[in-house]
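The exercises below are meant to be worked with the sequence and the model side by side. Try each task before reading the solution that follows it.

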Amino acid sequence: MPHDLPKAYDPAAIEEKWAEFWVKENLFAQPAPAPGEEIRDPFTILLPPPNVTGRLHMGHMLNQTEMDILARWHRMKGEKTLWVPGTDHAGIATQMMVERQLATEGISRQALGREAFEARVWQWRDQYGKAILDQMKRLGASVDWSREYFTMDAGLSVAVREAFTRLYHQGLIYRGAYVVNWCPGCQTAVSDLEVVHEEETGKLWEIRYPVVGAPDSSSAQFLTIATTRPETLLGDVAVAIHPEDERYLHLHGKTLLLPLMNREIPIVLDTWVSRDFGTGAVKITPAHDPNDFALGQRHNLPSINVMDPTARINENGGIYQGLDRYAARKRILEDLDALGLLGTIHDHKLSVGRCDRSKDVIEPRLSTQWFVAVNKKPRNGRPTLAELATQAVMPGPDGKKPIQFTPAMYEKTYLNWMENIYDWCIIRQLWWGHRIPTWHCAQCHQITVPEPGMASDPTACAHCHGAELTQETDVLDTWFSSGLLPVSVFGWPFLGPDADGTASTDFHNFYPTTLLVTGFDILFFWVARMIMLGCWFAGDVPLPEGTKRSLAESVPFKNVYIHALVRDANREKMSKTKGNVIDPIEIVKQYGTDAVRFTLASMASPGTDIAFNVARTEGYRAFANKIWNAARFLFMNIDRAAEIGITVDPATLGGMPSLATPKPASEGFVTRQDFTRSDMEGFVTGHDFSRAENANPMDGALAPEGNAPLEARWIVAEFHKTAAEVNQSLANYRYDDAASAIYQFFWGSFCDWYLEIVKIRLDFSETADKAATKAALTTFVQVFEASLRLLSPFMPFLTEEVWHSIYGDDAPVQSIALTQYPCTDTSIDTRPIYWMSAVQKVVTAIRAQRKESGVPDKEIVPVLVHTDENRGGHAFSILPYHEQVVCYLARAASVKKSIVPLTGANIRSEAEFDIQIVYEAQIDIPAERERLTKDIAKLEKNITGAERQLGNEAFLAKAPAHVVEGLKKQEAENRLLLEKAKSALAALPPE
Ligand SMILES: [Zn+2]
Ligand SMILES: [Zn+2]
C-alpha cells in the first residue's frame with residue numbers, strides 16, 4: 001500500500017491536476033445505450049446554458065455546486081448519471097460584443113454585410129466563447145463533456161426550424177401588428193420581462209387642441225389634453241373622452257385640428273378613459289402606446305408610426321423629421337408655446353420602462369412581429385400550450401404531479417403567471433441567431449413557411465408559385481431555442497431509428513430529465529417555456545413500444561429546484577455599483593475550490609438566501625487541512641506497522657466499515673444487572689435508539705467478551721449514523737444539513753476523539769499484541785476511506801487526492817467519484833454512541849477542572865467520580881472499564897468510583913455526575929470562592945427564571961409538553977448544582 005502526501009495541503013497543486021484528469025479521461029461520460037438496450041431510471045440533468053459571452057459569477061458557482069453534489073451523489077449510488085453542459089448563443093449580448101469589436105476597427109455591421117458579420121461572430125465564439133465552460137472544467141463539474149452543445153449547433157438549429165414550422169402549420173404561430181417594447185439602443189423588441197420599470201420624476205404637459213368649427217374666443221374653442229410624451233403628438237389620430245364626462249358633452253361628434261400637423265382628427269367616446277387623470281381628454285397615438293393601439297382597433301382608427309428604429313422622427317413627422325425623440329420634444333413644446341397652445345405644466349411621477357440590458361428608455365412602437373399563440377385551441381382539439389403547461393404541475397390521474405417544484409411556493413408563482421400569460425413575441429431584430437424560417441413573396445406579398453420535416457428552403461411561393469422569395473431578416477428570441485433544449489439535446493426531431501440508432505435511444509433513455517436546478521429570475525423566461533415546448537413536442541413522440549406518451553412522460557423534467565441568491569456577508573445583494581461582488585475564481589484561487597464549494601453547500605437549503613462570508617471559507621479550508629493531516633497520520637502508522645510485518649489488505653476497503661475482529665476480553669467488567677433502562681434516560685436524548693428500544697442499552701457495552709474496543713465500535717456506529725443523515729438530507733435538498741453532518745463527524749468525532757484514542761491501540765513495540773494493532777489499524781483505514789467517499793461529492797478534489805494515496809497505483813477504479821456512496825444501513829448497532837458519550841462527558845469535565853484548578857499539563861492526577869441513581873448517573877459506572885481511555889485523554893493517573901459524595905476542593909459537578917481531581921497543589925482559595933459565588937448567582941438566576949415561567953399559566957397552556965418537561969428537568973438539575981456549589985463554598989477554609 002504505497003502512499004505519499006506532501007506535508008502541506010495546497011489546493012492549487014492538486015485541483016488543477018484532477019480537473020484536467022477528469023476531462024481528459026472523459027470520466028463522467030454517459031454514453032447512449034446500444035440499440036435495444038435500456039437505461040432504467042437514470043439521473044439526468046441539464047446545465048442551464050450560460051451565455052457564450054458570460055463569465056462565472058457566484059450564482060453560477062452555487063448552481064453548479066448544487067448540481068455537481070447531486071450528480072456525484074447519484075452516480076456514486078450506482079445510478080446512470082448524465083449531466084449535459086452547453087452554452088447559449090445569447091443573441092443580443094453576443095451581437096453587441098462583436099459590434100463593439102468591429103467599432104474599434106472602424107467597421108459597422110451594416111458595412112460588413114450579414115454573412116460576413118455572422119462569420120465574425122462565429123470567429124469570436126471560437127476564440128472567446130468557451131471561457132465560461134473552461135471555468136466550469138477548472139471547478140470540477142462532473143458533466144459529460146462529450147455531449148457539450150451550443151444552441152446554434154446544426155442539430156439544435158434543425159430542431160428550432162422544425163418547432164417553428166410545426167407550430168406555424170398547427171396555427172399556433174402568427175404574424176401580427178403589435179405595440180412592442182422597443183429598445184432604441186439595442187434596436188430590437190424586448191419582452192415585458194426585460195423591461196425594468198422605475199418611478200421617475202417627469203412632466204405632464206397640457207396642450208390645447210383647437211375644436212374645428214368652434215367660434216373664436218369662446219370657452220369651447222379648445223379641448224385641453226395632458227400628456228407625458230408630447231413628441232408622440234405627431235402620430236395622433238384622435239382624442240378620446242369618457243362618454244359620460246359632463247364637461248365634454250358638447251364635444252360629442254366634433255373634430256379637432258391637430259396642432260403643428262394641421263390634421264383633422266375625431267373626438268371618440270370610450271369608457272376606458274379615466275375622467276380623473278389629467279384633463280379627462282386623452283390623445284390617441286396607436287403606433288406608440290399599447291392602450292391607444294387597443295382603443296384604435298375598437299374605433300377603427302389608423303396607426304401612424306412617427307419614429308424610426310433609433311427613436312428619431314421619421315418622414316411621418318413633418319418638419320421634425322430627423323430629430324431625436326427628446327430633441328423633437330423640446331422643439332415641439334417651443335413651437336406649441338409660440339402658438340399659445342401650451343397650457344399648464346405639472347411635475348409628475350411616472351413609471352419609466354428601461355431596457356434591462358442597455359438601460360435605454362423603452363419606446364413603445366407598433367411593428368409586425370411573430371408570436372406564439374399560447375392560449376389558442378389548436379385545430380386538433382388538444383389543450384392550449386398554456387393549459388398543457390398548467391396541467392404539468394397539477395396532480396395527474398395517479399395523483400402525482402408530473403413536475404414537482406422545490407421550494408413548493410414557486411409552483412403558485414408559476415401557475416399565477418400561466419393564468420395571465422399573453423402571446424409570446426418570438427422575434428428579435430438581430431442578425432445573430434436562428435433566422436426565422438419564413439419567406440416573403442415579391443409578387444403576391446404572401447408568406448411561405450416550409451412544411452415540417454422539410455430540410456431545404458422553399459424555391460417557389462406557396463400561394464402564387466412566384467420564384468422571387470426573400471427570407472425574413474430577423475431572428476428568433478434565444479428563449480425559443482433554449483426552451484427546446486430538453487428535447488433537442490437528446491436528438492429530437494430525429495428519433496430514428498437512424499443508422500446507428502443513437503439519436504432515438506438517447507431520447508428514449510434520458511427524456512424526461514430528472515431535475516432542473518435554476519434561479520428564480522428565469523422561471524418565466526426559460527422554465528415555463530421549456531415546459532410548454534417540451535410537453536407539446538415530446539407529447540407527439542410515442543413511447544418505444546408505440547403507445548402514446550402521458551403528460552408525465554412528456555414533461556421536460558420531473559423536478560425543478562429553484563436555488564437561492566448568494567448575497568454578501570451582510571446579506572446585501574451583490575452589485576457592481578455597490579462594489580461588493582465576490583468573484584468566485586478569485587476566492588477559489590485563495591482557498592481552493594473544495595473550501596468554496598463546502599461554504600456554499602453548508603448554507604444551501606431550499607428558499608434560504610446565502611450570506612457568503614469569506615471567514616467561513618477560511619474555516620472550511622482549515623477543515624480540508626485537518627483531513628489532510630489525518631491522512632498523513634494514518635500513512636505514518638501504516639508505514640510503522642509495515643516495519644513489524646502488519647499490513648492492511650486493500651480488499652477490506654471500499655464498503656461500509658464493520659467490525660469483524662473481536663477484541664479479547666478485558667478484566668473487570670461489572671455485570672449488566674447493575675443497570676436498568678430507566679437509568680440511561682438522563683442522557684439518551686438526541687440519539688435514536690429505536691433499534692435498541694426493547695433491549696437493555698447496556699447489552700454489549702459490558703459483555704465480557706467478543707467485542708472490539710469501544711472507540712472502534714463507536715466510530716463505526718457514528719459513521720453509519722452520519723451516512724444515514726447525509727443521504728436523507730441530500731434527498732431533501734438540505735445541502736446544509738448534509739454538510740454539517742459530515743463536518744461534525746470528520747472534525748469532531750473522527751479527528752478530535754477517535755484519532756486520539758486509537759493512538760493507544762497502535763502499539764508497534766516488541767511486546768505489542770499484533771492482532772489488536774492490526775485490528776485497530778484496519779478499522780482506522782476502513783472508516784477513513786469510507787469517510788472520504790462520504791465527503792467526495794462536496795470536496796471532490798481533496799478526497800480524490802487522498803483516496804488515491806491510500807491505494808497508490810492499485811486503486812480499484814479510476815476515481816473516487818466512481819466508487820460506491822456509503823448507503824444507509826439501518827441494522828447497525830448504534831448503542832456505542834451512547835456509551836461513548838459517557839466517556840466524552842467525563843473527559844471534558846476532567847479537562848475543564850484541570851484548567852480551573854491550574855493543574856500543569858505534565859501532571860498526571862488521580863480522579864474520583866461520583867454519581868447516584870437519582871441523577872441517571874448509573875451509566876457512568878461503565879467508566880472503570882474504559883479507564884485506560886479516560887486516563888489517556890484526560891491525563892489522569894486513575895479514574896475511580898467514589899461511593900460517598902465527594903468533598904473538598906477541585907470538584908466539578910455536572911448534572912449526572914461529579915468528578916474530583918486529587919491534586920495536592922495549593923489552590924487559590926479567593927479565586928475558587930469567586931468562581932463558586934459566580935456559579936451560585938448564575939444558578940439562582942436560572943432557577944428564578946424557570947420558576948417564573950413554570951408559574952405562568954398562559955405559558956403553560958401554550959407551550960408544548962416536551963418544552964415544559966425539559967424546563968422542569970433543567971430546574972431540578974440546577975437546584976442540585978446549586979446545593980453542590982453552596983456546600984463547596986461552605987467547605988472552603990475561612991478567609
Ligand atoms: Zn436595449
Ligand atoms: Zn406569391
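**Exercise 1.** How many bridges join strand E9 to strand E11, and do the two strands run parallel or antiparallel?

*Solution.* Keep in mind throughout that this is a predicted model. Begin with the residue ranges: strand E9 covers residues 238-241 and strand E11 covers residues 263-269, and 3 bridges join these strands, which run parallel. For one pair of partners, take alanine 240, whose bridge partner in E11 is valine 268.

**Exercise 2.** Work out the order of the open sheet of 4 strands, and then find its edge strands.

*Solution.* The order is E10-E11-E9-E12, and the pairing within this sheet is mixed. At the edges are strand E10 (255-258) and strand E12 (281-284), each of which pairs on one side only. Neighbouring strands of the sheet are turned against each other by 30° on average, with direction ignored.

The next step is to look at E10 and its partner. E10 and E11 run antiparallel and are joined by 4 bridges, and leucine 257 stands opposite glutamate 264 in E11. The hairpin of E10 and E11 has 4 residues between the strands, and in this hairpin leucine 260 takes a positive phi near 65°. Finally, compare the faces of E10: Leu256 and Leu258 make up the covered face, whereas Thr255 and Leu257 make up the uncovered one.

**Exercise 3.** Identify the protein donors of the zinc ion (ligand 1), and explain why the arrangement is tetrahedral.

*Solution.* The donors are Cys183 (SG), Cys186 (SG), Cys355 (SG) and Ser358 (OG), which lie 2.1 to 2.3 Å from the zinc ion (ligand 1). The 4 donor atoms subtend angles of 94 to 120° around this ion, and the arrangement is therefore tetrahedral, since the criterion asks for all angles to lie between 85 and 135 degrees. Along the sequence, the donor residues of this ion are spaced C-x2-C-x168-C-x2-S. As for accessibility, cysteine 183 and cysteine 186 are both buried.

**Exercise 4.** Carry out the analysis for the zinc ion (ligand 2), and decide whether cysteine 441 and cysteine 444 are buried or partly exposed.

*Solution.* The zinc ion (ligand 2) is coordinated by Cys441 (SG), Cys444 (SG), Cys461 (SG) and Cys464 (SG), at 2.2 to 2.4 Å. The angles among its 4 donor atoms are 102 to 115°, and the site is tetrahedral. Along the chain, the donors follow the spacing C-x2-C-x16-C-x2-C. Cysteine 441, with a relative accessible area of 0%, is buried, whereas cysteine 444, with 26%, is partly exposed.

Cysteine 441 also belongs to strand E18 (residues 439-441), which pairs with E20 in the antiparallel sense over 3 bridges. In this pairing, tryptophan 439 stands opposite glutamine 471 in E20. These strands are part of an open sheet of 3 strands with the order E19-E18-E20 and antiparallel pairing; strand E19 (447-448) and strand E20 (469-471) are its edge strands, each pairing on one side only.

**Exercise 5.** How many aromatic pairs does the structure hold? Classify the pair of tyrosine 178 and phenylalanine 371, and then the pair of tyrosine 561 and tyrosine 735.

*Solution.* The structure holds 41 aromatic pairs. In the pair of tyrosine 178 and phenylalanine 371, the ring centres are 4.7 Å apart and the planes stand at 75°, so this pair is edge-to-face. Because tyrosine 178 lies in strand E5 (residues 173-183) and phenylalanine 371 in strand E14 (residues 363-372), the pair ties together parts that are 193 residues apart in sequence. Tyrosine 178 is partly exposed, at a relative accessible area of 35%, while phenylalanine 371 is buried, at 2%.

For tyrosine 561 and tyrosine 735, the ring centres are 6.2 Å apart and the planes are at 65°, so this pair is edge-to-face. Tyrosine 561 lies in strand E23 (residues 557-563) and tyrosine 735 in helix H22 (residues 735-761), so the pair ties together parts that are 174 residues apart in sequence. Both of these tyrosines, 561 and 735, are buried.

**Exercise 6.** Which ring does arginine 72 lie over, and which ring does the charged end of lysine 137 sit over?

*Solution.* Arginine 72 lies over the face of tryptophan 22, at 4.6 Å from the ring centre. The charged end of lysine 137 sits over the ring of tryptophan 145, at 4.7 Å from its centre.

How values were computed:
Residues numbered from 1 in each chain as written. Chains lettered and ligands numbered in written order. Predicted model: local features only at pLDDT ≥ 70, side-chain atom pairs only at ≥ 80, totals over all residues. Heavy atoms only, no water. Donors = N, O, S within 2.8 Å, 3.2 Å for Na, K, Ca; no water. Tetrahedral: all angles 85-135°; square planar, octahedral: opposite > 155°, others 65-115°. Buried < 20%, exposed > 50% of the residue type's maximum accessible area, 1.4 Å probe, protein only. Phe/Tyr/Trp six-rings, centres within 6.5 Å; stacked < 30°, edge-to-face > 60°. Lys NZ or Arg CZ within 6 Å of the ring centre and 35° of its normal. Pairing = 2+ DSSP bridges. Axes fitted to C-alpha atoms, helices over the stretch in contact; angles between N-to-C directions.
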